[in-house]
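The following note sets out points for a colleague who is examining this entry. The points are numbered so that each can be checked against the coordinates.

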Amino acid sequence: MKRFKNWIHGSLWAVIFGLGLYVLVKGVSIAGGGKNLTRKTAQLYAPVFTLAPVKGTENQSWLSLLTKEVVPLLTYWESKESYFLSEEPQLTVREETEKNPESEKTQETQKSSEVQNTQDQMPQKAETESMEEAEKTVIQKAVKKKKRKKNKKAQTEETKEQQETVNMEELQDFQTLVGNYYTVDASTTADPEQINAEKLAGQDLRIKKDASVPQILIYHTHSQEAFADSEEGNISDTIVGMGNYLTELLENKYGYNVIHNTSVFDMIDGVLDRNTAYNLAETEISSILAANPTVEVVIDLHRDGLDGEKLVTQIDGKQVAKIMFFNGLSRTARNGNVDYLPNPYIEENLAFSFQLQIKAQEYYPGFTRHIYLQSLRYNLHLKPRALLIEAGSQLNTVEEEKNAMEPLADILDRVLAGR
């Protein structure tokens with residue numbers, strides 16, 4: 001009996017000790033704020049009391065379950081645990097076990113907004129970077145293009161300068177000069193006093209460019225002259241059309257004020273008649289010059305008529321009709337000077353065609369034929385800088401003729417501008 005009482009007494013003390021230990025552990029866990037501390041403390045002080053988890057009782061010891069049934073106070077403390085603890089465990093449990101649809105929707109909306117903002121910013125940033133890169137690329141390309149253009153221009157100018165240099169000393173010899181630069185028609189003679197390289201090259205034929213007033217007059221004594229593929233009735237395909245293009249080049253590219261007269265002098269009553277064309281042209285052109293005293297250059301633009309020979313060369317990769325400068329000397333081989341065709345400007349006329357021929361040889365070798373010398377006057381007496389040009393022939397195409405106007409405009413400006 002005494003032994004039984006001692007056993008009961010010991011058992012009660014063990015229960016009291018266990019309850020005290022449990023209360024201590026729970027108090028520390030509540031004060032420390034978390035189940036993790038509870039588990040650590042339980043494992044530290046009563047590891048033997050920790051059993052394998054059962055559904056709904058994970059990480060709870062058999063002693064905890066037993067005391068909840070025996071001591072209501074402990075159950076009370078357990079219910080208060082969620083009050084004393086922070087909301088952090090509840091949030092953790094909610095995230096793991098409970099998903100609030102509204103919260104999810106809000107979070108998804110926020111995330112979507114953030115993603116959208118990020119995506120919006122990324123294209124904007126990418127677009128900005130792309131624009132900057134594009135601008136840099138454009139600038140670099142423009143600089144390179146400008147450099148290439150400048151280098152190409154410099155190379156072109158250098159090439160042109162080096163294409164052919166005219167030896168003026170050799171041209172002091174009359175026979176050399178005539179043999180290389182002139183074709184003398186049988187109807188006239190070449191006079192060494194007139195055909196003198198030093199005199200011809202020494203004439204100052206520059207004009208002071210002034211686009212506010214007319215300075216150049218272009219006309220066509222034979223306006224009906226056409227080409228191999230000219231469309232009948234289309235003025236643009238005739239020598240008049242070439243005059244239009246030459247006028248356009250001289251005005252737009254070189255800054256001259258040009259009068260282009262397109263009157264017809266070689267049609268009488270609807271029939272082609274060139275017998276009086278020069279007389280008719282002289283009357284009208286003289287009237288225009290009287291009304292425009294600022295005109296200093298007069299160009300009668302023709303195309304030649306040849307049998308079987310197509311006059312073409314190549315310039316800058318294009319097929320170009322050759323041109324020929326034509327001078328009337330008012331002198332026949334049989335009778336000498338033609339008194340009824342006076343021309344006080346023969347020397348200036350000859351100098352003008354010669355200097356143009358030199359420029360053509362320097363910059364466009366092969367572009368010009370020899371200067372043709374004839375016995376009559378051909379209205380070259382109207383101005384010192386009067387010029388008759390034969391551009392190609394009836395065998396050339398319209399395109400070849402038009403291509404010829406470009407180098408022609410250039411050498412005209414080189415002589416008139418003194419460059």
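**Note on the sheet, its packing and selected residues**

1. An open sheet of seven strands, with mixed pairing, follows the order E1-E12-E9-E13-E6-E2-E3. Strand E1 (182-184) and strand E3 (258-260) each have a single partner strand and stand at the edges, so one side of each lacks a neighbour in the sheet. On average, and with direction ignored, neighbouring strands of this sheet are turned by 25° against each other. The reader should bear in mind that this is a predicted model.

2. The setting of this sheet is a protein with twelve helices and 13 strands. Of the 419 residues in the protein, 37% are buried. Among contacts between residues at least 6 apart in sequence, 77% join residues at least 24 apart. The protein exposes about 25,500 Å², of which carbon and sulfur atoms supply 52%.

3. Strand E2 merits inspection together with its two partners. Strand E2 (residues 216-219) pairs with strand E6 (residues 297-304) in the parallel sense, over four bridges. E2 and E3 also run parallel, and three bridges join them. Ile216 has a bridge partner in each of these strands: Val297 in E6 and Val258 in E3.

4. Where do the side chains of E2 point? Ile216 and Ile218 point one way from E2, while Leu217 and Tyr219 point the other way. All four of these residues are buried.

5. Two helices should be viewed against the sheet. Helix H7 (residues 174-181) lies across E1 and E12, and its direction is at about 90° to E1. Helix H10 (residues 277-291) packs on the sheet and touches E2, E3, E6 and E13. The direction of H10 makes about 155° with that of E2.

6. A search of the whole structure finds five aromatic pairs. One of them is the stacked pair of Phe326 and Tyr372, at 5.6 Å centre to centre and with 20° between the planes. This pair links distant parts of the chain, since Phe326 lies in strand E9 (residues 323-328) and Tyr372 in strand E12 (residues 371-374), 46 residues apart. Phe326 counts as buried because its relative accessibility is 10%, the limit being under 20%.

7. What is the geometry of the pair formed by Phe326 and Tyr378? The ring centres of Phe326 and Tyr378 are 4.9 Å apart and their planes stand at 80°, so this pair is edge-to-face. It too links distant parts of the chain: Phe326 is in strand E9, and Tyr378 is in the loop between E12 and strand E13 (385-393), 52 residues apart. Tyr378, at 18% relative accessibility, also counts as buried. Tyr278, Phe326, Tyr372 and Tyr378 form one aromatic cluster.

8. Charged side chains also meet aromatic rings. The charged end of Arg414 sits over the ring of Tyr363, 3.7 Å from its centre. The charged end of Lys402 sits over the ring of Tyr245, 4.9 Å from its centre.

9. Is Asp413 buried or exposed? Asp413 lies in helix H12 (residues 398-417) and counts as buried, because its relative accessibility is 4%. With its neighbours within four places in sequence left aside, Asp413 is in contact with Lys209, Tyr254, Tyr256, Gly418 and Arg419.

10. Two loop residues have backbone angles that deserve a check. Phi of Asp269 is near 55°, a positive value in a residue other than glycine. Asp269 is placed in the loop between strand E4 (267-268) and strand E5 (271-272). With a relative accessible area of 77%, Asp269 is exposed.

11. The second of these residues is Asp316, in the loop between strand E7 (312-315) and strand E8 (318-321). For Asp316, phi is near 55°, again a positive value in a residue other than glycine. Asp316 counts as exposed because its relative accessibility is 64%, the limit for this class being over 50%.

Note on methods
Residues numbered from 1 in each chain as written. Predicted model: local features only at pLDDT ≥ 70, side-chain atom pairs only at ≥ 80, totals over all residues. Heavy atoms only, no water. Buried < 20%, exposed > 50% of the residue type's maximum accessible area, 1.4 Å probe, protein only. Contact = heavy atoms within 4.5 Å. Areas by Shrake-Rupley, 256 points an atom, 1.4 Å probe, with all protein chains shown as cover. Phe/Tyr/Trp six-rings, centres within 6.5 Å; stacked < 30°, edge-to-face > 60°. Lys NZ or Arg CZ within 6 Å of the ring centre and 35° of its normal. Pairing = 2+ DSSP bridges. Axes fitted to C-alpha atoms, helices over the stretch in contact; angles between N-to-C directions.
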